[in-house]
Amino acid sequence: MAITKVTSNVLSDDSVTYDKLANRYTAQVAVTTSTSIAIDWSAGCVFKLSGALTGTTTITFSNFKLGQCIEIYNLSGDQTVTLSAGGAGTDVFNKVGGDYDGSSTSLLQVVCLQDGGNDEFAYCVNTYASDTTP
């Protein structure tokens with residue numbers, strides 16, 4: 001079996017379409033709300049929670065890659081939320097901006113700053129509401 005080398009002319013402008021990208025960059029994933037939520041970063045880039053949190057909740061991340069960003073939306077419920085990378089190393093979560101306000105619907109955005117053991121992330125959480133104005 002011959003292995004073909006991928007050259008820059010094969011990857012020229014617009015030759016790789018959105019449809020060819022991995023799910024981690026293009027898919028939305030429905031997530032059942034519970035007190036232990038597993039988010040597999042290889043499965044999608046947008047995660048929609050099924051409903052309000054009903055108790056202290058841990059959101060555990062897996063299969064994340066350096067530079068990858070995800071969004072978790074429909075986050076609501078006046079509960080304590082803990083983030084975890086679930087690995088053997090030391091995890092660092094850097095909060096950017098304000099605290100989670102469970103009285104409104106929120107969007108949690110997370111970026112992986114370091115992977116491979118001592119994982120590091122930056123996250124922000126903001127409330128949102130539908131806006132019909134242009």
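1. Start with strands β8 (residues 106-114) and β9: eight bridges pair them in the antiparallel sense. Keep in mind that this is a predicted model. One pairing to look up is Gln 109, whose bridge partner in β9 is Cys 124.

2. Now follow the chain from β8 to β9. The two strands make a hairpin, with five residues between them. Have a look at Gly 116 in that turn: its phi is positive, about 95°.

3. β9 (residues 120-127) also pairs with β7 (residues 92-95), and here the strands run parallel, joined by four bridges. Lys 95 in β7 is a handy marker, since you can find its bridge partner, Tyr 123, in β9.

4. Stay with Lys 95 for a moment. What does Lys 95 form with Asp 99? A salt bridge, with the closest N and O atoms 2.3 Å apart. A search of the whole structure finds one salt bridge. As a rule, side chains of opposite charge can pair when their charged atoms come close. Lys 95 has 43% relative accessibility, so it counts as partly exposed, while Asp 99, at 58%, counts as exposed.

5. Finally, try Ala 85, in the loop between β6 (81-84) and β7. Is Ala 85 buried or exposed? Its relative accessibility is 6%, which is under the 20% cut-off, so Ala 85 counts as buried. Setting aside residues up to four places away in sequence, Ala 85 touches Thr 60, Phe 61, Phe 64, Asp 91, Phe 93, Asp 119 and Phe 121. Ile 59 is 26 residues from Ala 85 in sequence, yet their C-alpha atoms are 8.5 Å apart in space.

Definitions and conventions:
Residues numbered from 1 in each chain as written. Predicted model: local features only at pLDDT ≥ 70, side-chain atom pairs only at ≥ 80, totals over all residues. Heavy atoms only, no water. Pairing = 2+ DSSP bridges. Buried < 20%, exposed > 50% of the residue type's maximum accessible area, 1.4 Å probe, protein only. Contact = heavy atoms within 4.5 Å. Salt bridge = Lys/Arg side-chain N within 4 Å of Asp/Glu carboxyl O.
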